[in-house]
Amino acid sequence: MRFSQYPINTTKETPAEAEVLSHQLMLRAGLIRRVAAGIYSWLPLGLRVVRKVEQIIREEMNRAGALEILMPAVQPGELWQESGRWSEYGPELLRFKDRHERDFVIGPTHEEVVTDIARRELRSYRQLPVNFYQIQTKFRDEVRPRFGVMRGREFIMKDAYSFHADEASMAAGYAAMRAAYARMFTRMQLNFRSVQADSGAIGGSSSEEFQVLADSGEDAIAVSDGDTYASNIELAAAMPPNQPRPAPTQPLEEVATPRMKTIAEVSEFLKVPREQCQKLLLVDGSDGGVVALVLRGDHELNALKAQKLPGVANPLRMASAAAIRAATGSEPGFLGPVGLKCPLYADHAALHMADFVCGANAPDLHLRGVNWGRDLPEPRAADLRNVVDGDPSPSGRGQLRIVRGIEVGHIFQLGRKYSQAMNATVLDESGQPVTMLMGCYGIGVTRIVAASIEQNHDERGIIWPAPLAPFHVVLIPLNLQKSPQVRAAADALYAELVAAGIEVLYDDRDARPGVKFADAELLGIPHRLVLGERGLEAGSCEYRHRRATDNTDVPLASVTAYIAQQLAG
């Protein structure tokens with residue numbers, strides 16, 4: 001492709017609308033343009049990258065035995081009402097009525113549609129297992145779209161759905177998709193981890209996320225430094241201390257803490273570390289009362305863990321001010337476990353504390369030297385907190401590190417969540433109807449493009465991994481418009497490279513060398529060839545990899561073979 005025929009407008013300035021680096025570079029390099037909040041057009045260069053991602057996905061899905069289909073973006077609301085998600089999904093589901101006042105949605109996902117296909121087309125257990133997949137546009141009406149295509153409202157997604165006769169088949173299909181995903185992201189040269197995850201609005205039992213590791217990632221991930229353990233921080237177990245709780249050494253004492261409501265304020269005022277303080281949170285109980293949760297002062301409550309406790313309302317809701325006053329006689333900021341009459345759970349780390357500081361359930365007062373068993377009954381122990389750096393790994397090997405990740409894939413064992421609600425059955429060996437089991441497997445195609453940039457860039461621009469690069473080589477001739485010799489040599493080299501199956505962006509623009517070099521680095525094409533009069537006199541061409549700092553002179557007669565070798569390596 002000749003650059004002069006490519007409508008690419010690159011810019012030096014960082015767009016004001018761009019919040020993260022990938023968004024900035026995608027706009028500056030002319031990959032995308034904003035149409036509305038969270039909605040983008042993909043321009044020719046950006047779309048070439050998207051197609052590279054899609055090709056790898058297709059190859060691995062086909063290799064795994066999945067069958068490609070294409071389902072409609074617009075879905076009848078009655079399917080969502082049948083599955084129960086019409087009322088469950090929330091405002092991210094874009095609903096509308098057609099001219100006949102019938103309900104429709106723009107699909108954020110396709111469980112309902114594919115289950116409808118399965119119940120119509122699959123009759124016998126002999127047709128199972130089967131895996132249908134598509135690569136298609138989705139729409140989720142995000143309340144706050146941000147980070148460019150990373151958290152957009154409209155996006156391209158690969159979603160796959162498998163159907164099975166029994167649990168063993170579903171587990172095998174899930175494992176096959178996990179392996180296929182690992183191959184895909186490895187081929188894309190992404191640094192990723194597979195992590196345990198929550199199933200969220202999709203539902204089902206077990207699920208895993210595939211996270212591209214990047215400092216700008218939205219998700220916190222706990223990874224072990226001793227093995228391959230990785231988990232979304234919401235699901236990572238905080239292990240109980242393996243040492244016995246220290247014995248009390250201080251008497252119980254009430255201390256005045258005027259207007260000291262936060263752990264930071266109390267810690268500084270009393271000259272005790274935050275980890276020696278406790279915080280008590282009151283949440284709604286499932287029976288209409290309240291439940292108390294106690295954590296160490298430097299730890300954060302994990303809502304997902306807390307709402308799964310017996311007696312706690314799900315989803316988790318903090319108790320109202322009136323309920324707090326009724327249960328404690330105090331206001332938030334001075335709450336503590338001593339004397340409470342409501343159900344109480346203490347996190348393992350909080351239960352391991354001795355001589356701790358907590359609220360006194362009275363305004364402007366705290367207690368110091370508090371001890372479980374002596375000053376208040378032993379509570380029910382629970383894992384209530386987010387893990388932190390240095391916690392022991394739940395795998396039993398190594399310690400946890402908290403890193404950031406960008407979710408690019410998610411796989412689920414759905415079980416019968418949709419097939420049972422929508423009566424998707426097949427006949428078993430004895431001719432009896434059985435409800436099919438399902439798996440669900442998603443990949444954010446357009447998100448992968450942004451995630452790759454977040455992981456591969458420098459101060460000058462994008463550095464594409466070779467499998468995703470829009471072109472293999474950028475060819476930059478110097479003084480092209482004034483030198484017939486350079487033009488002839490560059491045209492000949494361009495034709496030779498293209499004939500060899502090498503994708504080339506030929507920068508034949510009438511522009512200064514500095515502009516061409518800056519654009520080549522911004523666009524991030526892996527291999528650069530520079531051809532000028534001086535090189536022609538020496539019979540050579542100048543080569544540099546995008547990650548390198550030095551040039552290599554390559555004999556002009558062997559440039560194509562040299563580039564082919566670089567691409568193969």
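**View 1. Pro 129 sits in the loop between α5 (111-121) and β7 (130-139).** This is a predicted model, as are the views that follow. The bond to look for here joins Leu 128 and Pro 129: the peptide is cis, with omega at about -5°.

**View 2. Another cis peptide bond, this one joining Asn 314 and Pro 315.** Omega comes out at about 10°. Pro 315 belongs to the loop between α8 (303-306) and α9 (321-328).

**View 3. Arg 259 has a positive phi without being a glycine.** Its phi is near 60°. You'll find Arg 259 in the loop between β13 (253-256) and α7. With a relative accessible area of 67%, Arg 259 counts as exposed.

**View 4. Asp 355 also isn't a glycine, and its phi is positive at about 55°.** Look for Asp 355 in the loop that runs between α10 (348-351) and β17. Asp 355 is tucked away: a relative accessible area of 9% makes it buried.

**View 5. Helices α1 (residues 21-28) and α12 (residues 445-455) cross at roughly 105°.** Their axes come within 8 Å. With that crossing angle, α1 and α12 are roughly perpendicular to each other. On the α1 side, the contact is made by Leu 21, Ser 22, Leu 25 and Met 26, while α12 brings Val 449, Ala 450, Ile 453 and Glu 454. Sorted by class, the residues of this contact are 6 nonpolar, 1 polar and 1 charged.

**View 6. Helix α14 (residues 513-523) and what it packs against.** Lys 516, Asp 519, Ala 520, Glu 521, Leu 522 and Leu 523 are the buried residues here. They pack against two helices, α1 and α2 (44-63), and against strands β25 (461-462), β26 (473-477), β27 (504-506) and β28 (527-531). Just after α14 comes Gly 524, with a positive phi near 80°.

**View 7. Asp 507, in the loop between β27 and α14.** Asp 507 is buried, with just 1% relative accessible area. Setting aside neighbours within four places in sequence, Asp 507 has contacts with Phe 3, Leu 475, Ile 476, Pro 477 and Lys 516. Lys 516 is itself one of the buried residues of α14.

**View 8. The largest cavity, with a volume of about 40 Å³.** A search of the whole structure turns up 1 cavity of 30 Å³ or more. Its lining includes Phe 147, Met 150, Ser 216, Gly 217, Glu 218 and Asp 219, along with Gly 405, Ile 406, Glu 407 and Arg 447. Strand β20 (residues 400-415) gives the largest share of that lining, 3 residues. By class, the lining residues are 3 nonpolar, 3 polar and 4 charged.

**View 9. The second largest pocket, holding about 310 Å³ of space.** There are 21 lining residues, and the closest to the pocket centre are Lys 261, Lys 279, Leu 280, Gly 333 and Phe 334. At least two lining residues come from each of α7 (263-270), β14 (278-284) and β17 (356-359). β14 gives the largest share, 5 residues. The lining breaks down into 14 nonpolar, 5 polar and 2 charged residues.

**View 10. Ala 499, in helix α13 (residues 484-499).** Ala 499 is exposed, with a relative accessible area of 70%. You may need to zoom out for its partner in this view: Ala 499 and Asn 361 are 80 Å apart in space, C-alpha to C-alpha, and 138 residues apart in sequence.

How values were computed: Residues numbered from 1 in each chain as written. Predicted model: local features only at pLDDT ≥ 70, side-chain atom pairs only at ≥ 80, totals over all residues. Heavy atoms only, no water. 1 Å grid on protein atoms, 1.4 Å probe; cavity = no way out; pocket = protein on both sides within 12 Å on 5 of 7 lines; lining within 4 Å. Points joined across faces, edges and corners; volume = space filled by probe spheres on them. Helix = DSSP H or I, 4+ residues; strand = E, 2+ residues; numbered from the N terminus. Nonpolar A, V, L, I, M, F, W, Y, C, P; charged D, E, K, R; others polar. Axes fitted to C-alpha atoms, helices over the stretch in contact; angles between N-to-C directions. Parallel < 35°, antiparallel > 145°, perpendicular 65-115°, else oblique. Contact = heavy atoms within 4.5 Å. Buried < 20%, exposed > 50% of the residue type's maximum accessible area, 1.4 Å probe, protein only.
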